[in-house]
Amino acid sequence: MKSPRYRCGGWLLAWFLTSFCPVLAQTFRHGVFAGNDTNVASAIPVLQGENVQSVRVWANISWTQYTESIAFQQARDFKARGFHVTLLVNTSVVPTYTQAKAYFDWAQTVPGLKDAVDQWEILNELNLPQYWSGTVQQYVQNVLKAAWDSLAPNGEIVVGGSTTTWQLGANNVYGINTTYNQALRDAGYLNYVHYANIHPYTNTVTDMEKFITDVKAIYTTKPILATEWNFKQMPNWQTWNTAIVTVYPFLRQYLAGAYFYRLLQTSGQGGWPGLVTQSYQPQQPFYDTWRQLSL
């Protein structure tokens, strides 16, 4: 069963349930991303050893093909062991409003899924074309509003799509800015989320703190999650260790939760500081540092 802090009694009017109930009594979510390559049974002892209570899983979906993702079973398995579960649903395809709403209506009928998912994250890194091929307006009106209209009246928590720090800004130049975040707000993003969302990947602590501060000035009315976060690859582990220890108190102060990317070490970008190896053995110093942050 879901924590009562996320549910109001069924007798309340829908407007009250969606506007006030879900955001009461929140605590900071110290979480980690567990990808499709994660074996849940192997991951459970690791996560418990790190004092992690929140996990994020990733479902690649089709708007018109109603089939279960491996992430659906991961969500059920993690929930059965007491974890708070964020389910990302992801596709770059632009649907109609009707297609998107029908998908979320169906997802809530999948056996055990609605009870397993504490937060539904609606698409990934919208400013990157490999994750979203549509416009800002299409995302808000066709996808996010559809998700909200399907999920929120049933007491489900909606997490908006994320953005990364590197965005296309003035004069079509990429850099660390909040151009896309402002565009989302202008399109009505904040009307259809319980939590706004960012992925603050940077090279320095200063850049991460500035980006988060700038986004908070835009998303003023909503708490913000970072459903992924880390530093870009650094020259050595000690540099990374110093940066993560330095910035984490800031994340706790300004965000509603932060999900470290990632649980399993991989050779790809972003996977190098995985908390454990592919055989689920602690990767140092990442493992010990992360465990200390959660204490």
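1. The sheet. In this predicted model, 8 strands form an open sheet with parallel pairing, in the order β5-β4-β3-β2-β1-β10-β9-β8. At the edges stand β5 (157–159) and β8 (196–197); each has a single partner strand, so one side of each is left without a neighbour in the sheet. Strands of a sheet pair through backbone hydrogen bonds, either parallel or antiparallel.

2. One pair in the sheet. Strand β3, residues 84–90, pairs with strand β4, residues 119–122, in the parallel sense, and the pairing covers 4 bridges. Leu88 is placed opposite Glu121 in β4.

3. A helix on the strands. Helix α3 (residues 70–80) lies across β2 (54–60) and β3. The direction of α3 is at about 160° to that of β2.

4. The buried side of α4. Which residues of helix α4 (residues 97–107) are buried? They are Ala100, Tyr103, Phe104, Trp106 and Ala107. Viewed down the axis of α4, these buried residues fall within an arc of 160°, so they line one face of the helix. Their cover includes two helices written with their ranges, α5 (113–116) and α6 (136–151), along with α3, β3 and β4.

5. The chain as a whole. The chain has 10 helices and 10 strands. It holds 295 residues, of which 55% count as buried. Among contacts in the chain with a separation of 6 or more, 74% join residues 24 or more positions apart.

6. The surface. About 12,000 Å² of the chain is exposed, and carbon and sulfur atoms supply 54% of that area.

Key. Residues numbered from 1 in each chain as written. Predicted model: local features only at pLDDT ≥ 70, side-chain atom pairs only at ≥ 80, totals over all residues. Heavy atoms only, no water. Pairing = 2+ DSSP bridges. Contact = heavy atoms within 4.5 Å. Axes fitted to C-alpha atoms, helices over the stretch in contact; angles between N-to-C directions. Buried < 20%, exposed > 50% of the residue type's maximum accessible area, 1.4 Å probe, protein only. Arc of directions from axis to C-beta. Areas by Shrake-Rupley, 256 points an atom, 1.4 Å probe, with all protein chains shown as cover.
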